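Pull up the model and keep the sequence beside it. We'll walk through it a piece at a time, beginning with one residue and working outward.

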Amino acid sequence: METEDHVDRLRTLWAKELPDLDTTPMSILGRIYRLSNLVRPSIEATFAEFNLDRGEFDVIATIRRAGPPYRMTPTELYSLLLISSGGLTHRLDRLEKSGLIRRERSAQDKRSFEVALTDEGIERAEAAFREDMKRELAHLGGLEESERRALAALLRKLAGSLERTGDNGLAVADSV
C-alpha cells in the first residue's frame, strides 16, 4: 500500500467539509503543482551555481538549443518564453553585462538586431543544463524507468489536450 501524502490529507479534509465535491483534480493537478514547488529550490540553486537566475537561464538555453549559429531575434525569444518585450530587455541587459550574449545587427535587416550567445554563453548554458538534468534525474529516483516513461506519456497527453483546447488560459510555450 502506498503512503498517504500531503494531497491525500487535503482531499480527506475537503471530503469531510464538502462531501458532494469531487476532488479528483487535486490528486493530479494538485500533485503537479506541489512537485513543482518541491523541486523549484533545487533548480534555482543549480542555476545560481552558474551565476544565473531561472529567467536568464531560460534565455540562453532557448538560444543554445536552437543550434548554430546560436542567435535569435528578440521577437522570437519573447514569443517562445512568453514574457513581455520589456521583461526580455531586462534579462538581455543582465546577460550582456555578464558577457553571455551580445546584440548584433541583423544581416537581413540592418534596422533590427539579433541576440547571439558568446562562447562563454554557449558553455554556461550547456554546463548549467547538464547539471540541472543530473539533479532532476536524482529527484526521479523513486520511480523505475518504466514508471518514468508511463508518467511522461500521461503528462504529455494531458498537456497536449490542454494546449489543443486552449483550456489553460496561456499561450503555447516552448520554454526550457
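Is Tyr70 buried or exposed? Keep in mind that this is a predicted model. Tyr70 has a relative accessible area of 17%, and the cut-off for buried is under 20%, so Tyr70 counts as buried. You'll find Tyr70 in the loop between α3 and β1. Its backbone deserves a look too: phi of Tyr70 is near 55°, a positive value in a residue other than glycine.

Stay in that loop for a moment. Pro69 also sits between α3 and β1, and the peptide bond leading from Pro68 into Pro69 is cis, with omega near 10°. Why point these out? Most residues other than glycine have a negative phi, and most peptide bonds are trans.

Now hop back along the chain to Asn51, in the loop between α2 and α3. Asn51 likewise has a positive phi, near 55°, and is not a glycine. Here the surroundings are another story: Asn51 has a relative accessible area of 62% and is exposed.

Next, the helices. Take α1 and α2, whose axes come within 9 Å and cross at roughly 140°. How should we describe that angle? Angles over 145 degrees would count as roughly antiparallel, and α1 and α2 are therefore oblique to each other. Their crossing is right-handed. On the α1 side, the contact is made by His6, Val7, Asp8, Leu10, Arg11 and Trp14, while α2 brings Thr24, Met26, Ser27, Gly30, Arg31 and Arg34.

Two names in that contact, Asp8 and Arg31, also meet through their side chains in a salt bridge, 2.8 Å from N to O. Asp8 belongs to helix α1 and Arg31 to helix α2, so the pair ties together parts that are 23 residues apart in sequence. Arg31 has another partner as well: Asp5 forms a salt bridge with Arg31, and their closest N and O atoms are 2.7 Å apart. Asp5 lies in the segment before α1, so this pair ties together parts that are 26 residues apart in sequence. How open is this little cluster? Asp5 is partly exposed at 26% relative accessibility, Asp8 is partly exposed at 24%, and Arg31 is partly exposed, also listed at 24%.

Those are two of the 18 salt bridges in the structure. As background, side chains of opposite charge can pair when their charged atoms come close. Another example joins Arg102 to Glu104, with the closest N and O atoms 2.3 Å apart; Arg102 is partly exposed, with a relative accessible area of 35%. Elsewhere, Glu49, Glu131, Lys134 and Arg135 are linked in a network of salt bridges.

From charges, let's turn to the nonpolar side. In soluble globular proteins, nonpolar side chains tend to be buried together. In this model, the largest nonpolar core has 24 residues, and the members touching the most others are Leu52, Val59, Ile63 and Leu77. Which elements supply it with at least two residues each? They are α2, α3, α4, α5, β3 and α6, and α3 gives the most, with five residues.

Try clicking on Leu77 to see what surrounds it. Leaving out residues up to four places away in sequence, Leu77 touches Val59, Thr62, Ile63, Met72, Leu88, Leu92 and Val115. Val59 and Ile63 turn up again here, having appeared with Leu77 among the core members that touch the most others.

Leu77 also takes us to one more helix pair. It is one of the α4 residues in the contact with α5, along with Pro74, Tyr78 and Leu81, and α5 answers with Ser85, Leu88, Arg91 and Leu92. These helices pack at an angle of about 110°, with their axes 10 Å apart. α4 and α5 are therefore roughly perpendicular to each other. As for handedness, the crossing of α4 and α5 is right-handed.

Notes
Residues numbered from 1 in each chain as written. Predicted model: local features only at pLDDT ≥ 70, side-chain atom pairs only at ≥ 80, totals over all residues. Heavy atoms only, no water. Salt bridge = Lys/Arg side-chain N within 4 Å of Asp/Glu carboxyl O. Helix = DSSP H or I, 4+ residues; strand = E, 2+ residues; numbered from the N terminus. Buried < 20%, exposed > 50% of the residue type's maximum accessible area, 1.4 Å probe, protein only. Core = buried A, V, L, I, M, F, W, Y, C linked by side-chain atoms within 4.5 Å. Contact = heavy atoms within 4.5 Å. Axes fitted to C-alpha atoms, helices over the stretch in contact; angles between N-to-C directions. Parallel < 35°, antiparallel > 145°, perpendicular 65-115°, else oblique. Left-handed = near helix turned anticlockwise from the far one by under 90°.
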